[in-house]
Amino acid sequence: MKLFVLSLLCCALSISAFAQAIKVEIVQTEDGGYQLLRGGEPYVIRGAGVDGASLEELASYGANSFRTWSIDGGVYPAAELLDKAHKLGMTVSLGLDFARERHGFDYNDPEAVAEQLERTRQSVLAHKDHPALLTWFIGNELNFDFTNPAVYDAVNDVALMIKKIDPNHPVTTTLAGFDKKAMEAVVERAPALDFISFQLYADVVNLPKYIESFGYTGPYMITEWGAVGHWEVFQTKWGAPVETTSSEKASNYAKSYLQAIQPHSKQVIGNYVFLWGQKQERTSTWYGMFLDSGERTEPVDVMNYIWTGQWPENRTPRVSPIGLDGKVAFDNVYLFAGDEYQAALNAVDPDEDNLKFHWEVRKESTATEVGGDLEYVPEVVEGVIDDTSAQNITLTAPKEKGAYRLFAFVYDGNGNAAHANFPFFVK
């Protein structure tokens, strides 16, 4: 009986209780560049940011690594994610929770900073020996709206602590965009970091010239990239950002990789595309590579090709922007309450699958959160579309004045989808 109980306890323990860490290091190459080694062998990251999406599906599309933004703040705790990754032959760059100045944390408070350091130390101790662990990310976009450079003193203290108790895994912190002020603070105050990480969207194509202009010659990762950011697009007269379609997003993923990542492997030692999953950030479709109902969108096809050199066996549908009474979203479209308007969508499927459509209207998001903070999902406005399953529809402008957004979704019946949307204002 005792042996049986002991067996059950052993099965319940994490893999890390019985396995040793695999050493990860960054080495300089003969041509003056940098290379990531894992277990002494070159390791090329094919990575994505993940929170809750299927890791099995991620691996099946050719990815070998994923990143998180916190230890236990996501859908699954770090120990479970590490175990899942190990079973799939994948690695994990673990995000370490770090307080943000914009949320009220005071980096001039030595007691609060010391408490955070100790919490972080406990997290590192808990996971440092797991064989799936690749790197540590200290905080996320700590430069967003920061004014106190002491945050990077705290980052350096954590980096030094990690090096002392875990010499097997490199350490970084991530920056929102290329922020010269933050770069200066990082270089001056956090020399213990092994590399720097950047998170850019449309502007990622300019990152190599920013790096060169600043004079940074060390290794770096691009730890979020993908869609065009909602702050980087045309805004209507009432302040609604015009979102690209899923097909336009796919083109930007390809462009970003070909211009900012692939040609710069001497310094770019890895990258994590954003987001293998779905989230609400200004809209429910802006950054996720999947719909909230689980269907894959065209950026998944692009990443499959980047990771494997092959397209998926069944491709996602493609769409053009919505037309509303012959106008496009850049026309600052105002509608009159109760009047009818015609909306049209062009969609094709590379595999000639039978396509199904779904339309809906939601109130425009009024969220003002930044840095990926949690946002609410605006409600659907019922009864304003004549046939929500038609390819082209008649829209009756809502009775209540204000800002709205018309969404169109296209499904191929094989787990793939496309999407487009159109902001409008009811007078």
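Which residues in α4 meet which residues in α5? I began with this pair of helices, working throughout on a predicted model.

**Entry 1: α4 and α5**

I found that Val113, Leu117, Thr120, Arg121, Val124 and Leu125 on the α4 side meet Ala154, Asp157, Val158, Met161, Ile162 and Ile165 on the α5 side. Sorted by class, this contact holds nine nonpolar residues, one polar residue and two charged residues. For the geometry I noted that the axis of α4 (residues 110–127) and that of α5 come within 10 Å, crossing at roughly 30 degrees. The crossing in which α4 passes α5 is right-handed.

**Entry 2: α5 and α6**

I then turned to the pairing of α5 (residues 151–165) with α6 (residues 180–189), whose axes come within 9 Å and cross at roughly 40 degrees. Angles under 35 degrees count as roughly parallel, and α5 and α6 are therefore oblique to each other. The crossing of α5 past α6 is right-handed. In this contact I listed Tyr152, Asp153 and Asn156 from α5, together with Ala182, Ala185, Val186 and Arg189 from α6. The residues of this contact of α5 with α6 comprise four nonpolar, one polar and two charged.

**Entry 3: α8 and α9**

How are α8 and α9 oriented to each other? I read an angle of about 25 degrees between them, with the axes 7 Å apart, and α8 and α9 are therefore roughly parallel to each other. I recorded the passage of α8 by α9 as a right-handed crossing. From α8, the residues Ser246, Ser247, Lys249, Ala250, Tyr253, Ala254 and Tyr257 meet Glu298, Pro299, Val302, Met303 and Ile306 of α9. By class I entered eight nonpolar, two polar and two charged residues for the contact of α8 with α9.

**Entry 4: the second largest pocket**

These two helices came up again when I looked at the second largest pocket, since α8 (246–261) and α9 (298–308), along with β2 (34–38) and β12 (268–276), each supply at least two residues of its lining. The largest share, four residues, comes from β12. I noted a volume of about 410 Å³ for this second largest pocket, and a lining of 22 residues, of which Val44, Ile45, Ser265, Val268 and Ile269 lie nearest the centre. The lining of the second largest pocket divides into 14 nonpolar, six polar and two charged residues.

**Entry 5: the largest pocket and a cis peptide bond**

For the largest pocket I wrote down a volume of about 1200 Å³. Its lining is made up of 50 residues, and those closest to the centre are Phe274, Lys279, Gly371, Gly372 and Asp373. By class, I entered 19 nonpolar, 16 polar and 15 charged residues for the lining of the largest pocket.

Phe274 also appears in my check of the backbone, where a cis peptide bond, with omega about 5 degrees, joins phenylalanine 274 and leucine 275. I placed leucine 275 in strand β12.

**Entry 6: a positive phi**

Where is aspartate 145 found? I located this residue in the loop between β7 (133–138) and α5, and noted that the phi of aspartate 145 is near 60 degrees, a positive value in a residue other than glycine. I flagged both backbone features because most residues other than glycine have a negative phi, and most peptide bonds are trans.

**Entry 7: the enclosed space**

How many cavities of 30 Å³ or more does a search of the whole structure find? The search gave me one, and I recorded a volume of about 90 Å³ for the largest cavity. Its lining consists of Gln280, Arg282, Thr283, Ser284, Arg362, Lys363, Glu364, Ser365, Val377, Pro378, Arg405 and Phe407. The elements giving two or more residues to this lining are β18 (356–363) and β21 (402–411). By class I counted three nonpolar, four polar and five charged residues in the lining of the largest cavity.

Technical notes. Residues are numbered from 1 along each chain as its sequence is written. This is a predicted model: local features need pLDDT of at least 70, side-chain atom pairs count only at pLDDT 80 or more; totals for chains, interfaces and linings use all residues. Side-chain values use heavy atoms; hydrogens and water are left out. On a 1 Å grid over the protein atoms alone, a cavity is a set of points where a 1.4 Å probe fits but cannot get out, and a pocket is an open set with protein on both sides within 12 Å along at least five of seven lines; lining residues have an atom within 4 Å of a point. Grid points are joined across faces, edges and corners, and a volume is the space filled by probe spheres set on the points. Ala, Val, Leu, Ile, Met, Phe, Trp, Tyr, Cys and Pro count as nonpolar, Asp, Glu, Lys and Arg as charged, and the others, Gly among them, as polar. Axes are lines fitted to C-alpha atoms, for helices over the stretch in contact, and angles run from 0 to 180 degrees between N-to-C directions. Angles under 35 degrees count as roughly parallel, over 145 as roughly antiparallel, 65 to 115 as roughly perpendicular and the rest as oblique. A crossing is left-handed if the near helix is turned anticlockwise from the far one by less than a right angle, and right-handed if clockwise. Contact means heavy atoms within 4.5 Å.
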